[in-house]
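Thanks for coming. I will take one structure and go through a few of its local features, starting with helices and ending with strands.

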Amino acid sequence: MLSLKLAFRNLIGAGLRTWLNVSVLSVAFVVMVFYNGMLDGWNRQAHDDTINWEVGGGQLWHPLYDPFDLLGLQEAHGVIENQAKKLIGQKQITPVLVTQGSIFPHGRMQNILLKGVQPEQEIIGLPTSNLVSHAGQEIPAMIGKRMALFTNLKKGDNVLVRWRDKNGTFDAREFNIVEIFNSNVPTVDNGQIYLPLNTLQEMTGMIDEATLFVAATNYTGGNFDEWQFKSPKYLLKEIDEIIKSKKAGSAVIYILLLSIALLAIFDTQVLSIFRRQREIGTYIAMGMTRSQVVRIFTVEGAAHSLLALGLAAIYGTPLLYLLQKNGIPISQTFDSLGVSIASKIIPVYAFAMIVLSILLVVVSATIVSYFPARKIARMKPTDALKGKIQ
Amino acid sequence: MTMKISIAIVLVFLLMAKAFGQDGTEILEKIDKNMSSTNRIFESSMTIHGKRNSRTITSRSWSEGVKKSFSEYLSPASEKGTKMLKLANQLWIYSPSSDRIIQISGHLLRQSVMGSDLSYEDMMDDRNLTEIYSAEITGKEVVEGCKTLILLLKAKVENVAYQSQKMWIDEERMIPLRQELYSKSGQLLKRMELSDVEKIQGRWFPKTILFKDLLKEGNGTEFKMTNIKFDQQIPETIFTKAALKQ
């Protein structure tokens, strides 16, 4: 308690030098919490959106389905058997048929994926019910905002689509864009056209067949028949890896700030021990052991971190709260990278993350304070008392 | 009297339909005979007319029947040395830049050949027209100053890329001058214009074919054959994988 009292008295007495150290350390702490909070917020939003729009409670894939092998899609489909039909009836799964095609908006050819979905499904957030209300000659189709932008298509437009049936025979028809949906998940949008499942099955001759099933979030069954279950964790692996790499990248910024602050504390400690030799000698002369004196100086250095945390709390709390309330606007260039990201990220400040950040600041400040203080143990008390340079 | 006229008209139509039906198949056989040969060697240039510019690829090809063919690309520099070997339904490509032989199979066959309006599959389909289509004559027209019969081809097998085709057949020379390829629902997809018809070693042969994908912009792909020789002595070693790396 005495050492803490002394430490604070000395720190306050040091004036501007202390406050400069404390300010830099507090900025490092706030930046650390901000970055981690932003990435955690992004992670949570990306997970939630991807589950809501694409992954659901997992997916059941045909054995030949590989989302990265578009050329193999023609073989990756199987008959929806009784068990699957039962689960569809119970709204536990919804079938999706995927095949390749080409669209020709304004004479430009673009390869796309045709996805047949049940208009009545409620498992994923796609507004598939819009595919029902159409009553025209053309095939009702739905695209995302990115696809609409890329192809220059608007709601109500017709576009010619060419595809091959299960035998490889070409077919082409006009599709009518009945809905343009707005999703934060680019993987359900880019290069894809949604149409009613039955229509796609008829178009391709793949009657009663599907490429994959999307499971509801309460789905508990695993594999069945030939269909292989892929858990949300497996399907979200890519997002996790992106966030992980982003976290590593952002750590560089706050580690740099933290290093500057810690270096300043280290320098201050070295200077203190050099300039306050008489004080050290007096402490020992008054009966303090060397380790007690080392502790006083270590606590003094470490107290920078406590002051920094206090300062950070004063300006950081309202700042971080404001950012959480209003969200952080994100550049749309991220969107073009194919990463699920909303136009605004709401940071999430997890308790564990804040505690870990506090510990990191306090422990690192203590360590850098201890190393210069160790020199005190090697001092001769008489020389120290005389103020002789050792 | 009216009854007799009606019966006569119906009979005439029936006879015509029957005659056209027979003629259609016979014409297809004649086309197959004209367009195929025991073997052939030719040099060709393929000009891909894009939206902004055109590029030409030249090659030399050897083929035997419809099952075996070997091509070597001569220009431009980026394609020079690329070789292609087709044996029945298998296709290999040798790329000199990677010094590797790649087999093109499955759905890779549906990809465009060097950005042209032709797919590998278009080049690979070695079945005779009579094997995959039934034909009927639907009319007559003058194309490029030649009297032609319009032939409507309908697929009689399932595994065919184009469900139906329309062909304008030169009545005298029995070669197609124009060909239109349709989708299952009747959408016109591609058009081919065949020209520069010459009599080579006793057979009429169109030396230039303009392929046009009608769904996309661009002026199509022009395929010109020069220096064609039929029924030559081609060493068997040319149709081997070893020849690709030579």
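Before the first residue, one term: a helix here is a DSSP run of H or I with at least four residues, and helices are numbered from the N terminus. Please also keep in mind that this is a predicted model.

With that, A:L311 sits in helix α9 of chain A, which covers residues 290-326. Is A:L311 buried, exposed or something in between? There are 18 other C-beta atoms within 10 Å of A:L311, and a residue counts as buried at 20 or more and as exposed at 12 or fewer, so A:L311 is partly exposed.

Next, what does A:L311 touch, if we set aside its neighbours within four places in sequence? The contacts are A:V22, A:S23 and A:S26. Take A:V22: 289 residues separate it from A:L311 along the chain, yet the two C-alpha atoms are 7.7 Å apart.

That brings in the helix pair. Two packed helices are described by the angle between their axes and the distance between the axes. For helix α2 of chain A, residues 16-55, and α9(A), the angle is about 50° and the axes are 8 Å apart. An angle of about 50° is neither under 35 degrees nor within 65 to 115, so α2(A) is oblique to α9(A). The crossing of these two helices is right-handed.

Who makes the contact? On the α2(A) side, the residues include A:V22, A:S23, A:S26, A:F29 and A:F34. On the α9(A) side they include A:H304, A:A308, A:L311, A:G316 and A:L320. By class, the α2(A) and α9(A) contact has twelve nonpolar residues, seven polar and no charged ones.

Now the interface between chains. In chain B, 17 residues are in contact with 17 residues of chain A. The chain B side of that interface divides into six nonpolar, seven polar and four charged residues.

Last, the strands of chain B. Strand β2, residues 54-64, pairs with strand β3, residues 68-75, in the antiparallel sense over seven bridges. Within that pairing, B:S59 has B:Y73 of β3(B) as its bridge partner. The hairpin of β2(B) and β3(B) has three residues between the strands, and B:G65 there takes a positive phi near 60°.

β3(B) also pairs with strand β4 of chain B, residues 83-87, again antiparallel, over five bridges. Which residue of β4(B) stands opposite B:E72? That residue is B:K83.

That is my last item; I will take questions.

Definitions and conventions
Residues are numbered from 1 along each chain as its sequence is written. Chains are lettered from A and ligands numbered from 1 in the order in which they are written. This is a predicted model: local features need pLDDT of at least 70, side-chain atom pairs count only at pLDDT 80 or more; totals for chains, interfaces and linings use all residues. Two residues are in contact if their C-beta atoms, placed from the backbone, lie within 7 Å. Ala, Val, Leu, Ile, Met, Phe, Trp, Tyr, Cys and Pro count as nonpolar, Asp, Glu, Lys and Arg as charged, and the others, Gly among them, as polar. Two strands pair if DSSP finds at least two bridges between them. Axes are lines fitted to C-alpha atoms, for helices over the stretch in contact, and angles run from 0 to 180 degrees between N-to-C directions. Angles under 35 degrees count as roughly parallel, over 145 as roughly antiparallel, 65 to 115 as roughly perpendicular and the rest as oblique. A crossing is left-handed if the near helix is turned anticlockwise from the far one by less than a right angle, and right-handed if clockwise.
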